[in-house]
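Here is a friendly walk through one protein model, with the bench reader in mind. Keep the viewer open and follow along as we go.

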Amino acid sequence: MSVEPETGAGPRPPVPRLGVLPMIIFGSRWLQLPLYLGLIVAQCVYIVLFLKELWHLSWHAIDLTEQQIMMSVLALIDVVMISNLLVMVIVGGYETFVSRLDLKGHPDEPEWLGHVNASVLKIKLAMAIIGISSIALLRTFIEAGNLGSDRAGFTETGVMWQVAIHLTFIVSAIGIAYVDRLSDSTMRKQAE
């Protein structure tokens, strides 16, 4: 009776032996582990922030205006999107740069993890950053009615800078996707 689960792929090929220097260089990828663990701690901080915002919204819902409720909900969405970004970086980065997680067949395996590589991760991160920037910009646009008054938390110049930065994120994401597509087509041509 075998203790190992049957994968249908047959026995694994032997692991090649590395020299000392290649072993040190290849093993250095594990230096990233504390970074990913630190991002998990940051994820916990975002959970606290989310619960704080949710408590504030729930406790003061009767006293808040519709605009204030909308701003609180957008703050919650912002926290969730940043948290999703953290998950992508933690799981995708660890899987891509440190070690495989061996989640094949696990019922909770993220759909995107099966085809993640550095290029896919860059594009997913760029799209997540655009989403986060969009939420921040939407919050600014909702508050734009206060421009010029004492209640305004920003100036017209600040709004213009936010739009410019958001557009820069969009152009950067398009550029990353374009370069990725070019490199994919070049690799396909070389394979033929």
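Let's begin at the surface of this predicted model. Ile129, Trp161, Ile165 and Phe169 together make a nonpolar surface patch of about 390 Å². Helix α5 (residues 156-191) supplies the largest share of that patch, with 3 residues. Phenylalanine 169 is a good one to click on: it sits in helix α5 and has a relative accessible area of 33%. That value makes Phe169 partly exposed, because this class runs between 20% and 50%.

Helix α5 also has a buried side. Its buried residues are Val159, His166, Ala173 and Asp180, and what covers them includes α4 (118-143). A general point about helices may help when you look at such a list: an α-helix has 3.6 residues a turn, so residues three or four places apart point the same way.

Helix α2 (residues 33-59) can be described in a similar way. Tyr36, Gln43 and Leu57 are buried in α2, and their cover includes α3 (66-98).

How do the spans of these two helices agree with 1.5 Å a residue? The table sets the expected span beside the distance between the end C-alpha atoms.

| Helix | Residues in helix | Expected span | End C-alpha distance |
|---|---|---|---|
| α2 | 27 residues | 39 Å | 39 Å |
| α5 | 36 residues | 52 Å | 53 Å |

For α2 the distance agrees with the expected span, and for α5 it agrees as well. The expected span is 1.5 Å times one less than the number of residues.

Now turn to helix α3, where two residues are worth a look. One of them is aspartate 78, which is placed in α3. Which side chain of opposite charge is nearest to aspartate 78? It is arginine 139, 4.0 Å away, yet aspartate 78 is buried and has no salt bridge. Setting aside neighbours within four places in sequence, aspartate 78 is in contact with Ile132, Ile135 and Arg139.

Methionine 81 also lies in helix α3. Is methionine 81 buried or partly exposed? Its relative accessibility is 24%, so methionine 81 counts as partly exposed. Again leaving out neighbours within four places in sequence, methionine 81 is in contact with Gly131, Ile132 and Ile135. Methionine 81 can also be compared with tyrosine 46: the two are 35 residues apart in sequence and 10 Å apart in space, C-alpha to C-alpha.

Methods. Residues are numbered from 1 along each chain as its sequence is written. This is a predicted model: local features need pLDDT of at least 70, side-chain atom pairs count only at pLDDT 80 or more; totals for chains, interfaces and linings use all residues. Side-chain values use heavy atoms; hydrogens and water are left out. Helices (H or I, at least four residues) and strands (E, at least two) are DSSP runs, numbered from the N terminus. Buried means under 20% relative accessible area, exposed over 50%, partly exposed in between (1.4 Å probe, protein chains only). Contact means heavy atoms within 4.5 Å. Patches are made of residues with over 30% relative accessible area and no salt bridge: like charges are joined within 9 Å, nonpolar side chains (Val, Leu, Ile, Met, Phe, Trp, Tyr) within 5 Å. Accessible areas come from the Shrake-Rupley method with a 1.4 Å probe; for residues, only the protein chains shown count as cover. Lys and Arg count as positive and Asp and Glu as negative; His and the chain ends are not counted.
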